[in-house]
Amino acid sequence: MSGHTHPCCKIGPSILCADLSCLADECRRMIHSGADYLHLDVMDGHFVPNLTFGHPIVKCLRPKMPDVYFDMHMMVQNPEKWVESMADAGANQYTFHVEACEDIPALCRKIQESGMRVGVGLKPGTPVETILPYSDLFDVVLIMTVEPGFGGQRFMEDMMSKVQYLRTNFPDLDIEVDGGVGPSTIDVVAEAGANMIVSGTAITGATDPSQVIALLRNSVENAIQKSQLER
C-alpha cells in the first residue's frame, strides 16, 4: 500500500451535509475553516438507496477551487464506469466500494492510470480480510462506521477493530473513517489509528466549523504522536 511514513492528519468535511443550494460557497467555507480536503458522496440509487450528484457537479466546482483536494466516495454499482469522467472533472481521489467491484486489481490500475489516488471502501458488514490480497494496489482504505447511503446514523464503535488491524499491519497507510464522526466519537477513532477523518453535520452544521475541525485535528495529532513514541 503506498503512502508516506507516519500518515498525517487530514480532516475532510462531507459536503453532502452542507447547504447544497450554495455548494461552492459552502465548500469554500469549509476550506477557510481549516479543512484539508472535501469528501464528496456520489450515490446512484442502486448500490445505496439514495441519489446525490455526479461528475458534472465536480466539474463545475473545480474551477472555483482549483487547489482543493476532492475525495470522491463512489457509492455506486459498476464503479469502473465513472473513472474517466471523474478524472476529467478534476477529482483527486476515487474511493470505490469493494462490495460493488468484480475486478479489484483492474479497477485500481484504471484509477491510478487516470491520475487519481486509489481508495477502497468497506461497508460495516465486510471483513477487512477481503482487501488484504490487494493491499499493494491502493493508497487509502475507507472504513464505514455507518451503513452507507444515509446521514445522521449512530457511529458503530465496533468497526474500530478494522482500523486497529490496518494500522498495526500497514503503519504507513492512509486510513479514512466515515460515519457519525464528531467531537463525541473522535477520540476512539483517533486512538484506533485513523488519520483521514470524514465528518458531516458535526462540521457543516456547527456555528463555528473551524472550532470543530481544530478539535478533531487535535485528537488525531495527539494519537499519532503517542503512537510514534510507542513504536
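**Figure 1. Contacts across the whole chain.** Of the contacts in the chain with a separation of 6 or more, 65% are between residues 24 or more positions apart. Keep in mind as you look around that this is a predicted model. The chain comprises 8 helices and 8 strands. Its C-alpha atoms fill a box of roughly 45 × 45 × 30 Å along the principal axes. The radius of gyration is 16 Å, which agrees with the value near 17 Å for a compact globule of 231 residues.

**Figure 2. Inside and outside of the chain.** Among the 231 residues, 53% count as buried. The accessible surface amounts to about 10100 Å², and carbon and sulfur atoms contribute 51% of this surface.

**Figure 3. Close-up of Tyr37 and Tyr69.** Searching the whole structure turns up 1 aromatic pair. Its partners, Tyr37 and Tyr69, meet edge-to-face, with 6.3 Å from centre to centre and 90° between the planes. Tyr37 sits in the loop between α1 (23-32) and β2 (38-43), while Tyr69 sits in the loop between α2 (55-64) and β3 (70-75), so the pair ties together parts that are 32 residues apart in sequence. Tyr37 is buried, with a relative accessible area of 1%, whereas Tyr69 is partly exposed, at 22%.

**Figure 4. Close-up of Arg62 and Phe70.** Here you can find Arg62 lying over the face of Phe70, 4.0 Å from the ring centre. Arg62 falls within α2 (55-64) and Phe70 within β3 (70-75).

**Figure 5. Close-up of Lys123 and Phe47.** In this view, the ring of Phe47 has the charged end of Lys123 over it, at 4.8 Å from the ring's centre.

Definitions and conventions:
Residues numbered from 1 in each chain as written. Predicted model: local features only at pLDDT ≥ 70, side-chain atom pairs only at ≥ 80, totals over all residues. Heavy atoms only, no water. Phe/Tyr/Trp six-rings, centres within 6.5 Å; stacked < 30°, edge-to-face > 60°. Helix = DSSP H or I, 4+ residues; strand = E, 2+ residues; numbered from the N terminus. Buried < 20%, exposed > 50% of the residue type's maximum accessible area, 1.4 Å probe, protein only. Lys NZ or Arg CZ within 6 Å of the ring centre and 35° of its normal. Rg over C-alpha atoms; globule rule 2.2 N^0.38 Å. Contact = heavy atoms within 4.5 Å. Areas by Shrake-Rupley, 256 points an atom, 1.4 Å probe, with all protein chains shown as cover.
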